[in-house]
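Welcome! Please have a look at the sequence and the structure below, and then follow the notes topic by topic.

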Amino acid sequence: MPKHILIVDDLADVTAVFQYYFESMGYRVSVAGNGEQALALEAADPADLVISDLSMPGMSGRDLVMQLRRRRAQLPIIMMSGYAGDEPLIHGCTSFLVKPVNLALLNRQVEEMLAQEGGGEAEVGG
């Protein structure tokens with residue numbers, strides 16, 4: 001079964017690009033437009049990894065991370081922001097990237113995190 005990535009961003013263009021990219025790489029992808037929706041999706045269908053924007057209306061990415069950590073302390077979480085200065089604000093994330101995100105770098109981080117989580121090679125494809 002392919003690994004499941006949850007992508008959280010209030011910008012539909014961003015989630016569409018990431019969804020297309022990671023599905024083409026063989027991952028199963030879910031998309032949420034805000035933190036509340038992400039928590040509901042993750043509860044119903046647990047993700048192997050979460051990629052989230054920091055600044056979103058309603059629940060921020062930071063609050064989302066805190067909620068996810070209460071549920072699953074070891075869940076790999078990659079946080080993104082358009083502002084490099086936001087990095088010190090992020091606690092509990094596995095990684096932090098500045099937008100615009102280089103997809104090859106993001107994919108490399110995803111593969112490494114999923115390989116560590118599973119104790120071996122990241123399983124992609126179906």
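Aspartate 45 has a relative accessible area of 29%, so this residue is partly exposed, falling between the 20% limit for buried and the 50% limit for exposed. Its side chain meets that of arginine 28 in a salt bridge, at 2.6 Å from N to O. Keep in mind as you explore that this is a predicted model.

**The salt bridge of arginine 28 and aspartate 45**

- Arginine 28 sits in strand E2, while aspartate 45 is in the loop between H2 and strand E3 (49–53), so the pair ties together parts that are 17 residues apart in sequence.
- With a relative accessibility of 28%, arginine 28 also counts as partly exposed.

**A network around lysine 99**

- How many salt bridges are there by the rule used here? The count comes to 4.
- In one of them, the side chains of aspartate 9 and lysine 99 meet at 2.7 Å, N to O.
- Aspartate 9 belongs to the loop between E1 and helix H1 (12–24), and lysine 99 to the loop between E5 and H4, so this salt bridge ties together parts that are 90 residues apart in sequence.
- Aspartate 9 has a relative accessibility of 1%, so this residue counts as buried.
- Lysine 99 also forms a salt bridge with the side chain of aspartate 53, at 3.3 Å from N to O.
- That pair links distant parts of the chain, 46 residues apart: aspartate 53 is in strand E3 and lysine 99 in the loop between E5 and H4.
- Aspartate 53, at 5% relative accessibility, counts as buried.
- Through shared partners, the salt bridges join Asp9, Asp53 and Lys99 into one network.

**A cis peptide bond**

- Lysine 99 has another feature to look for: the peptide bond from this residue to proline 100 is cis, with omega near 0°.
- Proline 100 is found in the loop between strand E5 (95–98) and helix H4 (103–118).

**The two sides of helix H2**

- Which residues of helix H2 (residues 35–44) are buried? They are Gly35, Ala38, Leu39 and Glu42.
- Viewed down the axis of H2, these buried residues fall within an arc of 100°, so they line one face of the helix.
- Ala40 and Ala44, on the other side of H2, are exposed.
- The partners that the buried residues of H2 pack against are strand E1 (4–8), strand E2 (28–32) and helix H3 (61–71).
- At the start of H2, asparagine 34 has a side-chain oxygen that reaches to within 3.1 Å of the backbone nitrogen of glutamate 36.

**Aromatic rings**

- The whole structure contains 2 aromatic pairs.
- Tyrosine 21 and phenylalanine 22 have ring centres 5.2 Å apart and planes at 85°, so their pair is edge-to-face.
- Phenylalanine 22 and tyrosine 27 have ring centres 5.8 Å apart and planes at 75°, so this pair is edge-to-face too.
- Are these rings on buried or exposed residues? Tyrosine 21 and phenylalanine 22 are both buried, and tyrosine 27 is buried as well.
- Together, the ring pairs link Tyr21, Phe22 and Tyr27 into a cluster.

**Confidence in the model**

- The protein chain has a mean pLDDT of 88, and 88% of its residues reach 70 or more.
- Residues 119–126 have a pLDDT below 50, and this stretch has 15 contacts in the model beyond near neighbours in sequence.
- Predicted coordinates should not be read in detail where pLDDT is low.

Technical notes
Residues numbered from 1 in each chain as written. Predicted model: local features only at pLDDT ≥ 70, side-chain atom pairs only at ≥ 80, totals over all residues. Heavy atoms only, no water. Buried < 20%, exposed > 50% of the residue type's maximum accessible area, 1.4 Å probe, protein only. Helix = DSSP H or I, 4+ residues; strand = E, 2+ residues; numbered from the N terminus. Arc of directions from axis to C-beta. Contact = heavy atoms within 4.5 Å. Polar contact = N/O pair within 3.5 Å; in protein donor to acceptor, adjacent residues only side chain to side chain. pLDDT = per-residue confidence, 0-100. Phe/Tyr/Trp six-rings, centres within 6.5 Å; stacked < 30°, edge-to-face > 60°.
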